[in-house]
Every structure is written in C-alpha cells, then in structure tokens.
Amino acid sequence: MPAAPLSQKEIEDRLSDLPGWSLEGDRITCTYRLHTHFAALGLTVHVAQIQDELNHHSDLTLGYNTVTLSVNTHDAGGVVTENDLNLAARVVAIAPGHGVRRSGGHAAEVR
C-alpha cells in the first residue's frame, strides 16, 4: 500500500525541523555546499547508502562542491509523504559529519 500524501501544513511543519529543506512544487529539496568535491562525493555516497537502506530514493545531483536532493513519492502519485520527510531527516542527521553546518536560506553551508 502506497504512503499517504501529507497536507501542505504537515509538510511545512515538518520542514521547519529540517534545516535547508524546502517545498518546491510537489517535491522537497535541499542543496548542501561543501568545501571540496571529495567532501561532496562522500556525502553523496552516504546518502545513497541511506536511500538503499530505506528503499526510498531521491534525485541526487553531485556538483563540484554541492549535493542536491529532490524527492517525492512516486508510488503515491508524485506527492510528498512521510517517506520523503524520513529520508530528509536522515540526511540532516549525517550532513554535519561531512562538514555541513546549519545555515539560513535554502542551502546548507560548510563550516
């Protein structure tokens, strides 16, 4: 059974606890900026491991020193569900270990 879509308010309330994450259309997104390409690659690999563990995958883009995630739940018709927010929370938890710190705006920055 597919996950249930969340309301706009539920999504916004949960995103308030996920620094750097925002709702863009029917997806939640975040861009992390790191100090090197290698650090960005390390974060990308760690996120890929979490996605496999959860069996829930985002669009994951590696730039020179950036990692961008964009996710919704395809099985629920391409809307945001609890699965997406759980993935985002897991990424927020591991990002500091890769040199990312909390910041304002839509991007989480490196120290």
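Trainee: How many positive and negative side chains does the protein chain have, and how far apart are the centres of the two sets?

Mentor: Happy to start there. In this predicted model, the protein chain carries 8 positive and 13 negative side chains. The centres of these two sets lie 10 Å apart. Lys and Arg count as positive, Asp and Glu as negative, and His is not counted, so His74 is in neither set.

Trainee: Why does His74 count as exposed?

Mentor: Set the value against the cut-off. Exposed means over 50% relative accessible area. His74 has 59% relative accessibility, so it counts as exposed.

Trainee: Where does His74 lie?

Mentor: His74 sits in the loop between strand E4 (66-71) and helix H3 (82-94). In sequence, His74 and Pro2 are 72 residues apart, yet their C-alpha atoms are 9.0 Å apart in space.

Trainee: What pattern does the protein chain follow along the sequence?

Mentor: The pattern reads α-β-β-α-β-β-α-β-β, made up of 3 helices and 6 strands.

Trainee: What makes the protein chain as compact as a globular protein of that length?

Mentor: Compare two values. The radius of gyration is 13 Å, and the globule rule gives 13 Å for 111 residues; the two are close, so the chain is as compact as a globular protein of that length. The C-alpha atoms fill a box of roughly 40 × 30 × 20 Å along the principal axes.

Trainee: How many of the 111 residues, as a percentage, count as buried?

Mentor: The share is 41%, with buried meaning under 20% relative accessible area.

Key. Residues numbered from 1 in each chain as written. Predicted model: local features only at pLDDT ≥ 70, side-chain atom pairs only at ≥ 80, totals over all residues. Heavy atoms only, no water. Helix = DSSP H or I, 4+ residues; strand = E, 2+ residues; numbered from the N terminus. Rg over C-alpha atoms; globule rule 2.2 N^0.38 Å. Buried < 20%, exposed > 50% of the residue type's maximum accessible area, 1.4 Å probe, protein only. Charge placed at Lys NZ, Arg CZ, Asp CG, Glu CD.
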